[in-house]
Amino acid sequence: MKVFDDDIHKLREIQKTLGQTIFTSNFQPKVIHNAFLTADVVIGAMTDSFSGHRYVVAEELIQLMKRGALIFDLMANLGGSFETTCGLPPSASPVFEKYGVVHYCKPCISNYVARTTAMAFSNLFVSILLHLADAGAVQNMIKMDEGFRSGVYMYCGKPVNNKISNHFNIMSNNLDIYLSAF
């Protein structure tokens, strides 16, 4: 397994969460090229939300893949992760072959496995709610848990997330100022 991302901290967190060493890399052209030459399955799940960058895998890389390899484009409904899946009309078949590579790009895949998705979200939210109960209040949770804190976009009706504020061209406020008042 190989995981690519533009955020080194996310890549380290993946290894820490999995508890084992896996190959991770940022987007280095030669490394990606070599990975596509040997890949059996490639999953595109990168979004461009708020980063200002959109990563799309070039059609030339897909042409180099082994015949019979699989591409899963989990972002097909948001523009696509691969040049061969970008801009597909809604009437297009979600499964097709191009350059000997089988493409699967059904939008909103989680909707087709609703029970599994609901269980995954339940597991995620139960953990968060238990931590919230231990913290005693949302303000305490924001102060204690960096992950929870990074998900706070608005506080007391004011924007406190720089990425979102920049995206909408509005001024962001410092969350620490609000938290010091409570």
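**A chat about strands, salt bridges and turns**

Reader: Let's start with Lys-66: what does it count as, buried, partly exposed or exposed?

Author: Lys-66 counts as partly exposed, because its relative accessibility is 36%, and that class lies between under 20% for buried and over 50% for exposed. Please keep in mind that this is a predicted model.

Reader: And what does the side chain of Lys-66 meet in a salt bridge?

Author: The side chain of Lys-66 meets that of Asp-40, with 2.5 Å from N to O. This pair links distant parts of the chain, since Lys-66 sits in the loop between helix 3 (59-64) and strand 4, while Asp-40 sits in the loop between helix 2 (29-38) and strand 3, 26 residues apart.

Reader: How many salt bridges does the structure hold?

Author: The structure holds three salt bridges. In general, side chains of opposite charge can pair when their charged atoms come close.

Reader: OK, which residue does Lys-98 pair with?

Author: Lys-98 forms a salt bridge with Glu-59, and the closest N and O atoms of the two are 3.6 Å apart. Because Lys-98 belongs to strand 5 and Glu-59 to helix 3, the pair ties together parts that are 39 residues apart in sequence. Lys-98 has a relative accessible area of 33%, so this residue is partly exposed.

Reader: Then what about Arg-149, which residue is on the other side of that salt bridge?

Author: The partner of Arg-149 is Asp-176, and here the closest N and O atoms are 2.3 Å apart. Arg-149 lies in helix 6 (residues 146-150) and Asp-176 in helix 8 (residues 175-180), so this pair joins parts that are 27 residues apart in sequence. Asp-176 has 42% relative accessibility and therefore counts as partly exposed.

Reader: Switching to the sheet: what order do the strands have?

Author: The sheet is open and has four strands in the order 3-4-6-5, with mixed pairing. Strand 3 (41-44) and strand 5 (95-98) stand at the edges with a single partner strand each, so one side of each is left without a neighbour in the sheet. Direction ignored, neighbouring strands of this sheet are turned by 20° against each other on average.

Reader: Mixed pairing, so which sense do strand 3 and strand 4 use, parallel or antiparallel?

Author: Strand 3 and strand 4 (residues 70-73) pair in the parallel sense over four bridges, and Val-42 has Ile-71 as its bridge partner in strand 4. Strand 5 and strand 6 (residues 101-104), on the other hand, pair in the antiparallel sense over four bridges, and Val-95 has Tyr-104 as its bridge partner in strand 6.

Reader: Where do the side chains of strand 3 point?

Author: They alternate along the strand: Val-42 and Gly-44 point to one face and are buried, whereas Val-41 and Ile-43 point to the other face and are not buried. Val-41, for instance, counts as partly exposed because its relative accessibility is 44%.

Reader: Which residues make a nonpolar surface patch with Val-41?

Author: Val-41 shares that patch with Ile-43, Leu-70 and Leu-74, and the patch covers about 310 Å².

Reader: New topic, how many residues are between strand 5 and strand 6 in their hairpin?

Author: There are two residues between them, and Tyr-99 in the turn has a positive phi of about 60°, which is a positive value in a residue other than glycine. With 29% relative accessibility, Tyr-99 counts as partly exposed.

Reader: And what is the phi of Asn-169?

Author: The phi of Asn-169 is near 55°, again a positive value in a residue other than glycine. Asn-169 is found in the loop between helix 7 (162-167) and helix 8, and with 71% relative accessibility Asn-169 counts as exposed.

Reader: Last one: how many residues does helix 4 have, and what comes just after?

Author: Helix 4 (residues 114-135) has 22 residues and reaches 31 Å from its first C-alpha to its last, which is close to the 32 Å expected at 1.5 Å a residue. Just after helix 4 comes Gly-136, which takes a positive phi of about 90°.

Key
Residues are numbered from 1 along each chain as its sequence is written. This is a predicted model: local features need pLDDT of at least 70, side-chain atom pairs count only at pLDDT 80 or more; totals for chains, interfaces and linings use all residues. Side-chain values use heavy atoms; hydrogens and water are left out. The expected span of a helix is 1.5 Å times one less than its number of residues. Two strands pair if DSSP finds at least two bridges between them. Axes are lines fitted to C-alpha atoms, for helices over the stretch in contact, and angles run from 0 to 180 degrees between N-to-C directions. Patches are made of residues with over 30% relative accessible area and no salt bridge: like charges are joined within 9 Å, nonpolar side chains (Val, Leu, Ile, Met, Phe, Trp, Tyr) within 5 Å. Accessible areas come from the Shrake-Rupley method with a 1.4 Å probe; for residues, only the protein chains shown count as cover. A salt bridge is a side-chain nitrogen of Lys or Arg within 4 Å of a carboxyl oxygen of Asp or Glu. Buried means under 20% relative accessible area, exposed over 50%, partly exposed in between (1.4 Å probe, protein chains only).
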